[in-house]
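Please open the structure in your viewer and keep the selection tool at hand. This tour goes from one selection to the next and says what is there each time.

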Amino acid sequence: MPAPQEFLAAAAPGTRVVVRYRIEDGLTDALGELVACTADACTIRTRRSDVVIPLPLVVAAKQVPPPPPRRRPAGHALPEP
């Protein structure tokens, strides 16, 4: 099994991934599209922003399936044809 850094380096931009990495108080995750991966860091586009993660802080990474379709709020009907 490849190290998480090797997986990120080999993954194509646009691949949906989850990356667990170290922060000051422990660990956190970034879930989103892989934008880029250099020798030093990877960039993940989450729903909120682009997150740049130094590769030495990455402890796990894997590809994940596409997000489920968004639901329509209750009471909002589809337009009639």
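How many residues lie between β2 and β3 in the hairpin that they form? Keep that question in mind while you look at the whole chain, which is a predicted model.

**The whole chain**

Begin with everything selected and shown as a cartoon, and you should be able to trace 1 helix and 5 strands, which follow one another from the N terminus in the order α-β-β-β-β-β. The chain has 81 residues, of which 26% are buried, and its accessible surface comes to about 6,300 Å², with 55% of that surface belonging to carbon and sulfur atoms. If you count the contacts between residues at least 6 apart in sequence, 40% of them join residues at least 24 apart.

**Strands β2 and β3**

Now select residues 26-37, which make up β2, together with residues 41-45, which make up β3. The opening question can be answered here, since the hairpin formed by β2 and β3 has 3 residues between the two strands. The two strands run antiparallel and are joined by 4 bridges, and if you pick out A36 you will find T43 of β3 standing opposite.

Stay with β3 for a moment and look at how it is covered, for 4 of its 5 residues are buried. One residue to select in this strand is T43, which counts as buried because its relative accessible area, 17%, is under the limit of 20%. Leaving aside residues up to four places away in sequence, T43 touches E33, L34, V35 and A36, and also D50, V51 and V52.

**On to strand β4**

Add residues 50-54, which form strand β4. A second hairpin leads from β3 to β4 through 4 residues, and these two strands pair in the antiparallel sense over 5 bridges. To follow the pairing residue by residue, select A41, whose bridge partner in β4 is P54, and then C42, which stands opposite I53.

Which residues of β4 belong to its covered face, and which to its uncovered one? Colour V51 and I53 for the covered face, and then D50, V52 and P54 for the uncovered face.

**Two cysteines**

Next, show the side chains of C37 and C42 and look at their sulfur atoms. Why is there no bond between them? The sulfur of C37 has its closest cysteine sulfur in C42, 5.4 Å away, and this is too far for a bond, because a disulfide needs the two sulfur atoms within 2.5 Å. A search of the whole structure accordingly finds 0 disulfides. The surroundings of the two residues can be set side by side as well: C37 is partly exposed, with a relative accessible area of 26%, whereas C42 is buried, at 0%.

From C37, draw a line to A10, which is found in helix α1, residues 4-10. The C-alpha atoms of A10 and C37 are separated by 8.7 Å, although the two residues are 27 apart along the chain. A10 itself counts as exposed, with 66% relative accessibility.

**The nonpolar core**

Select L8, V19, L34, C42, I44 and I53 together, for these are the residues that touch the most other members of the largest nonpolar core, which has 14 residues. Each of β1, β2, β3, β4 and β5 supplies at least two residues of this core, and β1 gives the most, with 3 residues. If you then centre the view on V19, you can look for the residues it touches beyond four places away in sequence, among them L8, T28, I44, I53 and V58.

**Two salt bridges**

The last stop concerns charged side chains. Side chains of opposite charge can pair when their charged atoms come close. How many salt bridges does a search of the whole structure find? The search finds 2. For one of them, select R20 and D29, whose side chains meet at 2.7 Å from N to O; R20 is partly exposed at 38% relative accessibility, and D29 is partly exposed at 38% too. For the other, select R45 and D50, where the distance from N to O is again 2.7 Å. Here R45 is partly exposed at 42%, and D50, which you have already coloured on the uncovered face of β4, is partly exposed at 39%.

Conventions
Residues numbered from 1 in each chain as written. Predicted model: local features only at pLDDT ≥ 70, side-chain atom pairs only at ≥ 80, totals over all residues. Heavy atoms only, no water. Salt bridge = Lys/Arg side-chain N within 4 Å of Asp/Glu carboxyl O. Buried < 20%, exposed > 50% of the residue type's maximum accessible area, 1.4 Å probe, protein only. Pairing = 2+ DSSP bridges. Core = buried A, V, L, I, M, F, W, Y, C linked by side-chain atoms within 4.5 Å. Contact = heavy atoms within 4.5 Å. Areas by Shrake-Rupley, 256 points an atom, 1.4 Å probe, with all protein chains shown as cover.
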